[in-house]
Amino acid sequence: MLDKEQVNMLQSFAKQIRIKTIHQMKVRGFGHIGGAMSIVDVLSVLYGKQLKYDPKNPAMEDRDWIVCSKGHAGPAIYAALALKGFFPMEWLDTLNQPGTNLPSHCDRKKTPGIDVTTGSLGQGLSVACRIALGKKQNQEENTIYCFMGDGESQEGQNWEAIMFAAQQKLDNLILFLDDNKMQLDDMTAAIENMESFSEKFKSFHWDVQEIDGHDYEAIDAAIDKAKSEKGKPSVIVLHTIKGKGCKFAEEMWNHHVSVSEEQANEAIAILEK
Amino acid sequence: MIQVMDRFEEEKETMAAAYAAKMDQMMGKNKDVMELEADLGVCLMGPGMKDIAKRHPGQLVNCGIQEANMVGVACGLSMTGKIPFLHSFAPFITRRTNDQIFISGCYSGANIRLVGSDPGVMAAYNGGTHMPFEDVAVLRAFPEITILEPSDNTMLTDLMEQLTEKKGVYYLRTARKMMKKIYKDSSAFQIGKANIIREGRDVTIIASGIMVAEALAAAELLEGEGISARVVDMFTIKPIDKEMIINCARATGAIVTAENHNIINGLGSAVCEVVTENCLVPVERVGVQDCFGEVGDIPYLMKRFHLTADDICGKARAAIARKRG
């Protein structure tokens with residue numbers, strides 16, 4: 001259970017992540033703001049409390065790993081990493097600039113703290129499974145976290161990985177399914193209606209929880225429970241809002257959008273209130 | 001017959017807009033024409049995609065983010081008499097679906113038209129994961145496939161119309177952005193036959209896609225140095241126009257290829273294969289030097305990967321020097 005002080009801390013850290021995410025897109029003038037914003041509160045709980053890491057030694061042996069299979073959410077992670085000191089804050093001015101270390105999609109060769117390269121959807125969970133299996137075989141105690149988008153779940157490779165993880169009893173793997181209800185062309189349900197993600201994962205023998213992805217206490221408790229689960233991989237289905245906390249992005253229908261300086265300043269001012 | 005513009009200015013609309021308008025028209029004319037998308041529909045069909053879908057019920061299907069399945073679906077559709085065009089960004093419609101294209105498509109004799117948008121540096125800010133310099137390479141070794149890379153909207157729409165009548169597997173490597181207008185509207189194109197779009201004596205620049213406009217700019221620059229360069233638009237990368245390459249080798253004695261692609265197994269390789277077996281002359285290749293893409297704007301990336309008119313000029317001088325030397 002989080003106490004009030006912890007909730008306040010996580011809330012204000014999430015606010016900072018949001019501000020820095022909008023900032024990156026403001027400098028460049030566009031970005032995948034919706035899918036970045038929807039996972040910020042989970043990132044806050046991870047980097048603010050649950051995750052084992054060392055900003056001075058991103059490759060620390062017994063760190064927890066994050067695989068952001070929805071690679072376009074990179075800028076939200078970059079914000080969290082910069083705020084925690086993995087690299088200088090000035091880097092956040094360079095999103096997508098020539099020669100940058102912060103490309104639109106996560107790149108392990110460029111960014112300290114990014115564990116796996118993603119951007120072509122549907123590949124991250126397979127890599128996360130293999131890391132989880134390797135760590136188990138080495139009898140290491142790390143937790144491997146993976147983020148997958150609801151639209152992204154349409155890639156068939158995910159379901160191969162979902163079968164594999166259950167068969168291999170990867171109880172050191174926690175998948176966040178970011179159910180923000182939208183994908184690029186339309187509402188997710190209008191393209192491939194999944195009805196209930198939970199039912200599907202249950203039938204694949206996963207440990208399943210379904211929570212409000214913007215509720216810090218629920219996120220924290222779900223991670224604790226998932227960590228304690230033995231013999232099964234865990235999925236936490238996050239009900240989220242695409243663009244959450246960024247006024248213009250919540251109101252807007254799009255996946256990759258232009259971000260004007262005015263829009264960004266207004267959104268940041270609201271967050272700073 | 002083709003007619004080349006007197007001056008090369010920007011098109012009036014993006015290549016994506018030209019594609020969407022032509023597809024809308026073709027679907028209206030022929031109920032069997034279908035557009036399959038994998039959640040990158042609005043990127044090609046534009047914000048009006050839903051209206052287009054409404055005008056032609058059942059003809060525009062959004063398969064979701066599942067390119068491999070979409071290829072299989074398209075192959076099945078073609079066996080029921082449908083005429084599917086299926087689109088995603090170039091890396092996803094080629095790399096990700098390679099075995100499905102080979103087995104369900106080419107090997108099975110299906111009739112599908114793969115549309116890969118924003119190839120090479122045109123992927124810009126989407127970066128290395130989205131920037132295919134190998135899409136032509138991975139498909140070129142598939143027997144019976146045809147690979148097309150239109151250089152302007154007139155050519156794109158003419159080829160789309162022709163593809164509705166064709167059997168087999170086609171890959172249309174297409175931009176989404178604003179192109180230079182190369183051809184007059186009345187032009188008609190023959191698949192497998194390259195176009196000489198500027199005459200010259202000293203060297204031939206063979207280009208495709210966005211590199212055609214760069215090749216024309218290079219020829220202009222070379223003229224200032226007293227070098228007369230022929231420019232060929234090799235929009236059919238496979239099957240390559242052997243006769244044209246041999247003709248250029250004999251007429252100009254040196255060749256430069258220019259492609260927005262890895263120099264391995266793309267246009268440059270295809271030209272070299274013909275030259276080495278038929279008409280040995282110096283060939284220099286402008287293209288990506290076997291490395292990965294990265295984020296950036298298109299002008300930056302073209303400089304970064306040495307794809308500019310200046311780079312073509314440098315290679316032209318080198319090819320001519322080898323001819324003399």
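Where is the place of R176(B)? In this predicted model, R176(B) sits in the loop between β6 (169-174) and β7 of chain B. Its side chain joins that of D118(B) through a polar contact of 2.9 Å. R176(B) also touches residues from several other parts of the sequence. Leaving aside residues up to four places away, its contacts include T14(B), M15(B) and A16(B). C43(B), L44(B), F89(B) and S117(B) are also among them. D118(B), the partner in the polar contact, appears in this list of contacts too.

The strand that follows this loop, β7(B), belongs to an open sheet of 5 strands. The order in chain B is β7-β9-β8-β11-β12, and the pairing is mixed. β7 (195-198) and β12 (283-288) of chain B are the edge strands, each pairing on one side only. From one strand to the next, the twist averages 25°. Strand β11 (residues 255-262) of chain B runs parallel to β12(B), and 5 bridges join the two. Within this pair, T257(B) has R285(B) of β12(B) as its bridge partner.

Two helices of chain B accompany the sheet. Helix α9 (residues 211-224) of chain B packs on the sheet. This helix touches β7, β8 (203-207), β9 (229-233), β11 and β12 of chain B. The direction of α9(B) makes about 160° with that of β8(B). Helix α10 (residues 242-252) of chain B lies across β7, β8, β9 and β11 of chain B. Its angle to β9(B) is about 175°.

A backbone feature is found ahead of α10(B). The peptide bond from K238(B) to P239(B) is cis, with omega near -5°. P239(B) lies in the loop between β10 (236-238) and α10 of chain B. Chain A offers a feature of another kind. Q139(A) is not a glycine, yet its phi is positive, near 55°. This residue is found in the loop between α5 (124-137) and β3 (144-149) of chain A. Such features catch the eye because most residues other than glycine have a negative phi, and most peptide bonds are trans.

Chain A also has an open sheet of 5 strands. Here the order is β2-β3-β4-β6-β5, and the pairing is parallel. The edges are formed by β2 (65-68) and β5 (207-212) of chain A, each of which pairs on one side only. Neighbouring strands are turned by 20° against each other on average, direction ignored. β3(A) pairs with strand β4 (residues 173-179) of chain A in the parallel sense, over 6 bridges. Y145(A) stands opposite I174(A) in β4(A).

Helix α3 of chain A lies across β2, β3, β4 and β6 (234-239) of that chain. α3(A) runs at about 170° to β3(A). A salt bridge ties α3(A) to another helix. The side chains of D220(A) and K49(A) meet at 2.8 Å, N to O. D220(A) is in helix α9 (residues 216-228) of chain A, and K49(A) is in helix α3 (residues 40-50) of chain A. The two residues are 171 residues apart, and the pair links distant parts of the chain. Over all chains, the whole structure holds 36 salt bridges.

How many residues does each chain bring to the contact between them? Chain B supplies 24 residues and chain A supplies 29 residues. The size of an interface is often given as the accessible area lost when the parts come together. Between chain B and chain A, the buried area is about 2,000 Å². Carbon and sulfur atoms give 49% of this area. On the chain B side, I65(B), R96(B) and Y125(B) lose the most area to chain A. Together they account for 32% of what that side buries.

Polar links also cross the interface. Between chain B and chain A there are 17 residue pairs in polar contact, counting pairs with both residues at pLDDT 80 or more. The count of salt bridges between these chains is 2. One of them joins K50(B) to D186(A), with the closest N and O atoms 3.2 Å apart. Helices α2 (41-45) and α3 (49-55) of chain B each supply at least two residues of the side that touches chain A. The largest share of that side, 3 residues, comes from α2(B). By type, the residues on the chain B side divide into 11 nonpolar, 8 polar and 5 charged.

Terms used. Residues are numbered from 1 along each chain as its sequence is written. Chains are lettered from A and ligands numbered from 1 in the order in which they are written. This is a predicted model: local features need pLDDT of at least 70, side-chain atom pairs count only at pLDDT 80 or more; totals for chains, interfaces and linings use all residues. Side-chain values use heavy atoms; hydrogens and water are left out. Contact means heavy atoms within 4.5 Å. Buried area is the accessible area (1.4 Å probe) that two parts lose on being put together, summed over both. A salt bridge is a side-chain nitrogen of Lys or Arg within 4 Å of a carboxyl oxygen of Asp or Glu. A polar contact is a pair of N or O atoms within 3.5 Å; within protein, one must be able to donate a hydrogen and the other to accept it, and residues adjacent in sequence count only if both atoms are side-chain atoms. Helices (H or I, at least four residues) and strands (E, at least two) are DSSP runs, numbered from the N terminus. Ala, Val, Leu, Ile, Met, Phe, Trp, Tyr, Cys and Pro count as nonpolar, Asp, Glu, Lys and Arg as charged, and the others, Gly among them, as polar. Two strands pair if DSSP finds at least two bridges between them. Axes are lines fitted to C-alpha atoms, for helices over the stretch in contact, and angles run from 0 to 180 degrees between N-to-C directions.
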